[in-house]
Amino acid sequence: MAKKTGTIVYKCSNCGYSQPRWLGRCPQCGEWNTLEECILDPNAKTPAGQGSETAVKIKPVPLSCVKAQDIMRLSTGIAEFDRVLGGGAMKRSAVLIGGEPGIGKSTLLLQTAAGTVKLLGKGARILYVSGEESAAQIKDRSERLGVPAAGIELLCTMRLEDILDALDAQNPALVIIDSIQTVYAAEAGLVPGTVNQLKYCANELIEWVKERDSVLIMTAHVTKEGLIAGPKSLEHMVDTVISFDRSTDEFRFLRAAKNRFGSVDELGIFEMTEKGLIQVEDPAALFITRRSSTTGNSGSEKQPAGIACTAVFEGSRVFIVEIQALTVPAKASLSRVYSDKIDSARVARVAAVLEKRTGLHFSDQDLYINVAGGMRLSESAIDAALAAALYSARTDIALAAETAVIGELSLAGEIRPVSRSAQRIKTAQNMGFTTVLAPESGKGAKKISDIKELVKALFGK
C-alpha cells in the first residue's frame, strides 16, 4: 500500500535513512541528532533536480529571532543600470526586463555580463542563455561591441532541463535568460511561450537563484500595447520589473515599474551607437532644444510660441524639459486633446483653469501637447509650465528663451509650492535660465502666487 502524501517521517541528513519516529541516533550511520522532521511530497526535488519522496517540513519562526543579513548587491558595471536597480542587483533576486523588438535588450545584457566579469575579476562565471540567437551571432555582436569574451559562458538552448543542469554544474554569479518566452520544460508541454510554460519555467529558475548568491536577469517580449507578454503573475514572481523604452532612434530609457530593493523613480538614460549602449552621464540638458538666437524689438532672446521649460525630478536627479503646445480650431463640434507624454486629463484640467481664471477660450480648440526628447511627465510641478505653454500657443506670444516656470496649479488658479524647489531652481540657473518663476521665492527666483500673476509676469498686461 502506498504511503499517504503528507505523512510525517524523520530523515537522516547524513545518510538519508528515514523512519516514522524520531531517534537521537541514526540506526544506519550512527550519527547523533541528524534526524529531521520531513513530510512525504512526490513533487519535492533535490538540489540536483531529481525527484525525492520527502521534503523538509518548514515551520514558522518568530520575526524577532530572524537575523538580518547585510545588503549584498552585485554591480552590473553600468552606472545607469545600477541606478535603476537601486545601487546594483540584489543577490538571490530575479530581474525582468521588457522592451520592444530591436530596442537593445540583448546588447544591454551582453554589456552587463562583460561589466560584471570585469568587476568580479578572474574566476567569475557568467552564464548567458539564449533561445533566440546562435552562439555565432552572439560572438559577432560581442566583437562588434568590443566586449571581452573572458568569463562569459554561452548556452544556446530552449530546454529548461539543459539550463538547470548547466546552472548546477557552473554555479554562476550572474544568469542571463534571453528570453523567458523561448524557454520550455517537457513537464509543462513542448510549446514555449504558453501561460503554463512561463509560470513553470520562471518559477524553477527563480527557485534556483533564491538558494544561491546569484542574480537572475530575464528578458521578456512585449505586446503591441507595450505590456510584458504572458500572465501578470510573471511580474509578481520576480523582484524587479524594468521597462526599456526609446524616445528617438538614438536614446533609450530604463525605468523600474517594480523594485523590492530600491526606488521606482530612477531613470537610466543611454545613447545607442554602433559600439553599443553608451551612458548619458549628464542628461540635465538632454530634453531641451538649443536654438539660434533671435533678437526681438526689446533685445531679448525669443523662441517659438507655445514652448515653456520647467525642472522635473526623476529619482535623485533634476532634468530641464521643454513642453510644447499647439492649439488649432476644432475640426468638429467637440474639441480634443492629443497628448501621449503628459496625461490628457491633466492637459484638459489646466486648460479649464486657464479658461476660467484668465478668460482665454480653449473649449473650441484642439490641443496638441508634446515633450521634447520623448520623456513622459507625471509630476504636478509641470502644471505652471504647461499653463504657460498653452497660453503662449493660444495667444501666439512667445516666452523669453531663458525663462523657466515651476509650480503646481490648483483648480482655484493658485500656483502651489512643490517638493525640492531649491534644487530645481539651482539646476535651472546652472543651465543658463536667467529668469525662474516659482511659488516660493528663492535665490534668483521670482515668486508667483496665482495664474494671473504668472500670465502677467510672462506676457505683460
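This passage describes side-chain interactions, surface exposure and selected contacts in a predicted model.

A search of the whole structure gives 17 salt bridges. One of them pairs Glu80 with Arg83, with 3.8 Å between the closest N and O atoms. Both residues belong to helix H1, which covers residues 79–85, and they are three residues apart, about one turn of the helix. The two partners fall into separate accessibility classes. Glu80 has a relative accessible area of 2% and is buried, whereas Arg83, with 28%, is partly exposed. Glu80 counts as buried because its value of 2% is under the 20% limit for that class.

A second example is formed by the side chains of Arg159 and Asp162, where the N to O distance is 2.7 Å. Here the relative accessible area of Arg159 is 33%, which makes this residue partly exposed. Asp162 is likewise partly exposed, at 29% relative accessibility.

The side chains of Asp239 and Lys210 form a further salt bridge, with an N to O distance of 2.9 Å. Asp239 is located in the loop between helix H6 (233–237) and strand E12 (240–246), while Lys210 is part of helix H5 (residues 195–210); the pair therefore ties together parts that are 29 residues apart in sequence. Asp239 is buried, its relative accessible area being 2%. Lys210, in contrast, is partly exposed, with a relative accessibility of 32%. Elsewhere, Glu80, Arg83, Glu266 and Arg317 are joined into one network by salt bridges that share partners. The bridge between Glu80 and Arg83 was described above.

Aromatic side chains were examined in the same way. The search of the whole structure finds two aromatic pairs. Tyr338 and Tyr368 make up a stacked pair, with 4.6 Å from centre to centre and 10° between the planes. This pair links distant parts of the chain, since Tyr338 lies in strand E18 (residues 337–339) and Tyr368 in strand E19 (residues 365–371), 30 residues apart. Tyr338 is partly exposed, with a relative accessible area of 32%. Tyr368 is also partly exposed, at 27% relative accessibility. An aromatic ring also takes part in an arrangement with a charged group: the charged end of Arg420 sits over the ring of Phe313, at 3.7 Å from the ring centre.

On the surface, Val61, Leu63 and Val66 make a nonpolar patch of about 340 Å². Among these residues, Leu63 occupies the loop between strand E4 (54–56) and strand E5 (73–74). The relative accessibility of Leu63 is 74%, and the residue counts as exposed. This classification follows because 74% is over the 50% limit for exposed residues.

Thr403 provides a buried counterpart, with a relative accessibility of 7%. The residue lies in strand E20, which covers residues 403–405. When neighbours within four places in sequence are left aside, Thr403 is in contact with Cys309, Phe433, Thr435 and Leu458.

Definitions and conventions:
Residues are numbered from 1 along each chain as its sequence is written. This is a predicted model: local features need pLDDT of at least 70, side-chain atom pairs count only at pLDDT 80 or more; totals for chains, interfaces and linings use all residues. Side-chain values use heavy atoms; hydrogens and water are left out. A salt bridge is a side-chain nitrogen of Lys or Arg within 4 Å of a carboxyl oxygen of Asp or Glu. Helices (H or I, at least four residues) and strands (E, at least two) are DSSP runs, numbered from the N terminus. Buried means under 20% relative accessible area, exposed over 50%, partly exposed in between (1.4 Å probe, protein chains only). Patches are made of residues with over 30% relative accessible area and no salt bridge: like charges are joined within 9 Å, nonpolar side chains (Val, Leu, Ile, Met, Phe, Trp, Tyr) within 5 Å. Accessible areas come from the Shrake-Rupley method with a 1.4 Å probe; for residues, only the protein chains shown count as cover. Rings of Phe, Tyr and Trp (its six-membered ring) pair if their centres lie within 6.5 Å; planes under 30 degrees apart count as stacked, over 60 as edge-to-face and the rest as tilted. A charge sits over a ring if NZ of Lys or CZ of Arg is within 6 Å of the ring centre and within 35 degrees of the ring normal. Contact means heavy atoms within 4.5 Å.
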